Amino acid sequence: MDSTMKRHKLILSIALFALCLPLSVQSYRIGDAVGIIIRTNKHKLEAYRHQMPRFGVSTKTKIETQFLIDAAGNDLKLADGIRLARQQQNPHHHNFEDNTQEELLRMSMQFDEGFHHISTIDVYNPSQRPPRKALDTLIIKFVYSASDGSIHSVQQETRYRDFQPNGGGRNTMPKSFTVEYVWIEEADVDLESGVFFLFAIVLLVALLGMMDVCCGSGSEENGGTYSKAPKSVDGFAKRW
């Protein structure tokens, strides 16, 4: 009896999980903004709305490198304070090197509340050894389904520009880079019908389990245990 009840509870739990599964999946409409979490090698920040992709709509946007550097809000103020202090200590040194222009800058992106992401890429790599990198264009390809409003996969492609030295002969970090969002619609698959069909099967099994429990309880109340009818041997009932 106890094992039957445990099995019955397990079946009901699976049925409830199958029912809640379609509700837990994020569903977008065409043109909805898809949120982005950007992680750099220093900070974690949320993208502005104009930097976000639009579900099912291929778009382009610009991301300022200053935005990535100033993610915590105080880094550039601190860098400005250090720069001013050094200039005051050595006012004749006009060829002051901006440290923010010589730092390695990397980032990764997460989409759809973290369900999809792109791997970490170099935005700016001023290493003296090749390959030196300055990001020019980041292409992000979304494979999606318009019928259920879901993102199936995310892929990335990067294009880098040649380093452009400034007047002093030093390489400088680019002010911005382009992000292209390309949406590729996948052949519609009726996932919703499949999920509800699965739920119907689980629910049917759960109902059968409940009937089994009820019948078992009724048998115990009416007569308790009972013995099976004696088997027959050669047409005659076996005597005990």
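1. A good place to start is the surface: Phe197, Ile201 and Val205 make up a nonpolar patch there, and their accessible area together is about 280 Å². Ile201 belongs to helix H4, which covers residues 191-223, and this residue is partly exposed at a relative accessible area of 40%. Please keep in mind throughout that this is a predicted model.

2. Now for the interior. The largest nonpolar core holds 32 residues, and those touching the most other members are Ile38, Leu68, Met107, Met109, Phe111, Leu138 and Ile140. At least two core residues come from each of S1 (36-40), H2 (65-69), S4 (105-111), S5 (116-125), S6 (133-145), S7 (150-160) and S8 (176-185). The most generous contributor is S6, with 6 residues. In soluble globular proteins, nonpolar side chains tend to be buried together.

3. Met109 is worth a look of its own. Neighbours within four places in sequence aside, Met109 contacts Ile36, Ile37, Ile38, Ile63, His116, His117, Ile118, Leu138 and Ile140.

4. Which strands flank S8? Strand S3 (residues 59-64) runs antiparallel to S8, joined to it by 6 bridges, while S6 pairs with S8 in the parallel sense over 8 bridges. Thr178 in S8 shows both pairings nicely: Lys62 stands opposite Thr178, and so does Thr137. S8 is also mostly covered, with 7 of its 10 residues buried.

5. On to charges: the whole structure contains 6 salt bridges. In one of them, the side chains of Lys60 and Glu180 meet at 3.7 Å, N to O. Because Lys60 sits in strand S3 and Glu180 in strand S8, this pair ties together parts 120 residues apart in sequence. Are the two partners buried or exposed? Lys60 is exposed, with a relative accessible area of 62%, whereas Glu180 counts as buried at 18%.

6. Asp122 and Arg106 form another salt bridge through their side chains, at 2.6 Å, N to O. Asp122 is in strand S5 and Arg106 in strand S4, so the pair connects parts that are 16 residues apart in sequence. Here Asp122 is buried, at 10% relative accessibility, and Arg106 is partly exposed, at 35%.

7. Arg161 and Asp136 also form a salt bridge, with their closest N and O atoms 3.4 Å apart. The pair links distant parts of the chain, 25 residues apart: Arg161 is in the loop between S7 and S8, and Asp136 is in strand S6. Arg161 is partly exposed, with 29% relative accessible area, and Asp136 is partly exposed at 30%. Finally, Lys141, Glu157 and Arg159 are joined into one network by salt bridges that share partners.

Technical notes: Residues are numbered from 1 along each chain as its sequence is written. This is a predicted model: local features need pLDDT of at least 70, side-chain atom pairs count only at pLDDT 80 or more; totals for chains, interfaces and linings use all residues. Side-chain values use heavy atoms; hydrogens and water are left out. A nonpolar core is a set of buried Ala, Val, Leu, Ile, Met, Phe, Trp, Tyr and Cys residues joined through side-chain atoms within 4.5 Å. Buried means under 20% relative accessible area, exposed over 50%, partly exposed in between (1.4 Å probe, protein chains only). Helices (H or I, at least four residues) and strands (E, at least two) are DSSP runs, numbered from the N terminus. Contact means heavy atoms within 4.5 Å. Patches are made of residues with over 30% relative accessible area and no salt bridge: like charges are joined within 9 Å, nonpolar side chains (Val, Leu, Ile, Met, Phe, Trp, Tyr) within 5 Å. Accessible areas come from the Shrake-Rupley method with a 1.4 Å probe; for residues, only the protein chains shown count as cover. A salt bridge is a side-chain nitrogen of Lys or Arg within 4 Å of a carboxyl oxygen of Asp or Glu. Two strands pair if DSSP finds at least two bridges between them.
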